[in-house]
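Colleague: Hi, do you have a few minutes to go through this structure with me? I'd like to talk about helix packing and then the ligand.

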Amino acid sequence: MSILYVVATPIGNLEDITERAKRVLSEVDLIAAEDTRHTAIVLNHLNIKTPLTSYHDHNESSASHSLIEQIKSGKEIALVSDAGTPLIADPGYRLVKLAREEGVKVVPIPGVSAVTAALSVAGLPTDKFTYHGFLPAKSKALQDFLKELENEPGTLIFYESPHRLVKTVAMFEKVFGSDRILVVARELTKRFEQVSYGTIGEARERIEAGEIVVKGEFVLLLQGQLKVDSEWDERKLLAELLTDLSVSRAAELASRLTGRSKNVLYKIAISMKEDS
Ligand code: SAM
């Protein structure tokens with residue numbers, strides 16, 4: 001049975017390729033690449049001479065059919081993208097879907113992805129996270145998209161380009177306020193790698209001050225909303241805060257953390273104080 005391999009390649013540092021990826025790329029009959037010129041440079045560096053064919057957003061549909069036919073006739077093919085893991089904000093979905101539908105075996109050759117590299121060093125919760133790829137470009141669409149995510153409890157991960165970074169961080173501040181943690185991960189694995197950890201407000205200030213350089217490739221990781229399911233949880237949170245803070249400060253903080261009305265929380269906190 002012939003195989004389609006989905007092979008991860010580096011996101012900047014050429015050392016970040018696995019032994020298995022190198023072996024598979026040198027053994028297959030053909031490599032389907034997003035940009036054959038770009039991949040040729042990587043293959044040249046690895047001294048791999050496998051022929052290349054182009055597979056990108058604009059020929060995904062027709063190229064998928066042709067590639068699956070070639071695999072069925074006995075060829076082994078590897079899919080790569082310009083950087084990182086194919087299909088993750090990169091072409092490949094149609095090819096893999098067609099392979100599955102046609103009963104072709106698909107084998108992952110895992111490696112780097114900017115999303116997992118960034119998450120592994122962000123210092124934000126990893127037990128639950130959602131990846132959203134690139135954000136909408138237009139302001140209104142961006143705002144609507146982010147509003148939908150307001151109550152997401154897990155870490156939110158986005159890819160961003162330098163020319164949209166300032167606008168996106170400003171919109172984060174408008175929709176989520178200034179206080180959530182926003183990690184800005186830039187140029188991972190490369191010479192000018194930079195990971196900034198702080199609040200949304202601090203990220204904006206660091207960009208304004210030039211401390212975060214608005215150049216290169218970015219992953220943005222945003223703290224999720226603290227989930228409070230029930231009144232009981234609200235009370236538990238308030239009880240914890242009331243051990244150290246005044247009623248009004250506890251209500252204010254609980255409101256910021258849960259997104260619930262400060263007045264309602266203030267009334268609950270007052271009644272809890274009276275009962276204690
Ligand atoms: N397939 C890739 C992966 O697995 O991460 C992603 C490809 S997508 C077209 C490119 C985007 O990924 C960039 O615009 C940036 O948001 C992010 N990215 C890729 N390499 C990065 C790096 N070295 N540092 C930070 N972000 C990176």
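Colleague: Let's start with helices H10 and H11: at roughly what angle do their axes cross?

Modeller: Happy to help, and please keep in mind that this is a predicted model. The axes of H10 (residues 247-258) and H11 (residues 262-275) cross at roughly 135 degrees and come within 8 Å. An angle of 135 degrees is not over 145, so H10 counts as oblique to H11.

Colleague: Thanks! Which residues of H10 and H11 make the contact?

Modeller: From H10 there are Val247, Ser248, Ala251, Glu252, Ala254, Ser255 and Thr258. H11 brings in Lys262, Leu265, Tyr266, Ala269, Ile270 and Lys273.

Colleague: And how do the residues of that H10 and H11 contact divide by class?

Modeller: Seven are nonpolar, three are polar and three are charged. The crossing itself, H10 passing H11, is right-handed.

Colleague: Moving on to H3 and H4: at what angle do they pack, and how far apart are their axes?

Modeller: H3 (residues 60-72) packs against H4 (residues 93-101) at about 40 degrees, and the axes are 9 Å apart. Roughly parallel would need an angle under 35 degrees, so H3 and H4 are oblique to each other.

Colleague: Which side chains should I click on there, I mean which residues of H3 and H4 make the contact?

Modeller: On H3, pick Glu60, Ser61, Ser64, His65, Leu67 and Ile68. On H4, pick Tyr93, Arg94, Leu95, Leu98 and Ala99. By class, this contact of H3 with H4 has six nonpolar, three polar and two charged residues.

Colleague: Is the crossing of H3 and H4 right-handed or left-handed?

Modeller: Right-handed.

Colleague: One more pair, then: how do the axes of H6 and H7 cross?

Modeller: For H6 (residues 139-148) and H7 (residues 162-176), the axes cross at roughly 45 degrees and come within 10 Å. This crossing is right-handed. Among the contact residues are Leu142 and Leu146 of H6, along with Met171 and Phe172 of H7. By class, the contact has six nonpolar, three polar and three charged residues.

Colleague: Great, now the ligand. Which residues come nearest to it?

Modeller: There are 18 residues around the ligand, and Asp90, Ser113, Ala114, Tyr159 and Phe218 come nearest.

Colleague: What does the polar side-chain atom of Tyr159 lie 2.7 Å from?

Modeller: An oxygen atom of the ligand.

Colleague: And which residues have polar atoms by a nitrogen atom of the ligand?

Modeller: Leu188 has a polar backbone atom 2.8 Å from a ligand nitrogen atom. For Glu217, a polar side-chain atom lies 3.3 Å from a nitrogen atom of the ligand.

Colleague: Lovely, thanks for the tour!

Definitions and conventions. Residues numbered from 1 in each chain as written. Predicted model: local features only at pLDDT ≥ 70, side-chain atom pairs only at ≥ 80, totals over all residues. Heavy atoms only, no water. Axes fitted to C-alpha atoms, helices over the stretch in contact; angles between N-to-C directions. Helix = DSSP H or I, 4+ residues; strand = E, 2+ residues; numbered from the N terminus. Left-handed = near helix turned anticlockwise from the far one by under 90°. Contact = heavy atoms within 4.5 Å. Nonpolar A, V, L, I, M, F, W, Y, C, P; charged D, E, K, R; others polar. Near = heavy atom within 4 Å. Polar contact = N/O pair within 3.5 Å; in protein donor to acceptor, adjacent residues only side chain to side chain. Parallel < 35°, antiparallel > 145°, perpendicular 65-115°, else oblique.
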